[in-house]
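Here's a quick briefing on side-chain contacts, surface patches and a few spacings. Have the model open while you read.

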Amino acid sequence: MAERQSSLSLGSRYLIGFNFISTLLWAGVLASTLFFVPQVGPKGLFAINGEYTKWTQTLAILEVIHVIVGLARSSLPTTALQVASRILLVWGVCDRYYAPQHSVAYTTMLVAWGITEVCRYPFYIVSLSGGESKLLQWLRYNTFFVLYPLGAGSEAFCIYRALPEAKIESVPYYWILVAILATYPPGLYNQYTHMIRQRRKSMRGKKKA
């Protein structure tokens, strides 16, 4: 193990550190959501962890930069689309309007995001370290079947709930949100099929091993 760690490049060490910090931050999002919702209900959750979630998600902008500079081998369009849609949700929808803040969809969105990320980031850490975890691999390539529709559906409903307020505030921004909302079905299809392809590659790799 020591030899493996000493052979890691500086870029790999940086990515391991980034993924470790991201794991902790998203574990905080998930834990606070599950802990506080039974106490304050969905309507009170945003006041407790909305700011924390907003900045945790904002950190993911670095993932796009990692792909651009060649640190990560992920698809740039897929990564950029996923990060941009979430940035819109935390900054341009939930942080801006009352209705989505107090919607049940905000809670289900955080649950879907949180579970996804506390599976994804540790999986990356193990992979970057040259190791393998069958549990993390299974979680990474199977939980999305439920979590992606739950997350995307919750995001879309949050945008929908924001539309009346957005129309009062700014008609152009209202139509921007309407246009973005219309992209959710094809966007979900794109992300879903991308993960299915990734899952097939992973399964083929396991069979060869």
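Start with Glu-117 and Arg-86, whose side chains meet in a salt bridge at 2.8 Å, N to O. A salt bridge here means a side-chain nitrogen of Lys or Arg within 4 Å of a carboxyl oxygen of Asp or Glu. The pair links distant parts of the chain, with Glu-117 in helix α7 and Arg-86 in helix α5 (residues 76–93), 31 residues apart. Helices are DSSP runs (H or I, at least four residues), numbered from the N terminus.

Bear in mind that this is a predicted model: local features need pLDDT of at least 70, side-chain atom pairs count only at pLDDT 80 or more, and totals for chains, interfaces and linings use all residues. Residues are numbered from 1 along each chain as its sequence is written, and side-chain values use heavy atoms, with hydrogens and water left out.

**Salt bridges**

- Glu-117 is buried, with a relative accessible area of 4%, and Arg-86 is buried too, at 5%. For these labels, buried means under 20% relative accessible area, exposed means over 50%, and partly exposed is in between (1.4 Å probe, protein chains only).
- Over at Arg-96 and Glu-169, the side chains meet in another salt bridge, at 3.0 Å, N to O. Arg-96 lies in the loop between α5 and α6 (98–101) and Glu-169 in helix α9 (residues 144–169), so this pair ties together parts that are 73 residues apart in sequence.
- Both ends of that bridge are partly exposed: Arg-96 has 39% relative accessibility, and Glu-169 has 43%.
- Back to the buried pair: salt bridges that share partners join Glu-63, Arg-86, Glu-117 and Arg-120 into one network.
- Glu-51 and Lys-54 give you a local bridge, at 3.3 Å, N to O. They sit three residues apart in helix α3 (residues 42–58), so about one helical turn separates them.
- Glu-51 is partly exposed at 47% relative accessibility, whereas Lys-54 is buried at 5%.
- By the same cut-off, the count comes to six salt bridges.

**Aromatic pairs**

- The count of aromatic pairs comes to 15. Rings of Phe, Tyr and Trp (its six-membered ring) pair if their centres lie within 6.5 Å; planes under 30 degrees apart count as stacked, over 60 as edge-to-face and the rest as tilted.
- Phe-18 and Tyr-121 are one of these pairs, edge-to-face with 6.4 Å centre to centre and 80 degrees between the planes. This pair also links distant parts of the chain: Phe-18 is in helix α2 (residues 10–40) and Tyr-121 in helix α7 (residues 104–128), 103 residues apart.
- Phe-18 and Tyr-121 are both buried.
- For a stacked pair, look at Phe-144 and Phe-145: the ring centres are 4.3 Å apart and the planes are at 25 degrees, so the pair counts as stacked.
- Phe-144 is buried, with a relative accessible area of 2%, while Phe-145 is partly exposed at 33%.
- Ring pairs link Phe-144, Phe-145, Tyr-148 and Tyr-192 into a cluster.

**Surface patches**

- Tyr-14, Ile-61, Leu-62, Ile-65, Ile-68, Val-69, Leu-71 and Leu-76 make a nonpolar surface patch of about 670 Å². Patches are made of residues with over 30% relative accessible area and no salt bridge: like charges are joined within 9 Å, and nonpolar side chains (Val, Leu, Ile, Met, Phe, Trp, Tyr) within 5 Å. The areas come from the Shrake-Rupley method with a 1.4 Å probe; for residues, only the protein chains shown count as cover.
- Helix α4 (residues 61–68) gives the most to that nonpolar patch, with four residues.
- Val-69 lies in the loop between α4 and α5 and is exposed, with a relative accessible area of 57%.
- On the charged side, Arg-197, Arg-200, Lys-201 and Arg-204 gather in a patch of positive charge on the surface. Lys and Arg count as positive and Asp and Glu as negative, with His and the chain ends not counted. A charge is placed at NZ of Lys, CZ of Arg, CG of Asp or CD of Glu.
- Lys-201 is found in helix α11 (residues 184–208).

**Two spacings to check**

- Phe-36 is in helix α2 and is partly exposed at 26% relative accessibility. Its C-alpha is 8.1 Å from that of Ile-48, with their positions 12 residues apart in sequence.
- Trp-91 lies in helix α5 and is partly exposed at 33%. The C-alpha atoms of Trp-91 and Tyr-184 are separated by 18 Å, and the two residues are 93 residues apart along the chain.

Notes
Helices (H or I, at least four residues) and strands (E, at least two) are DSSP runs, numbered from the N terminus.
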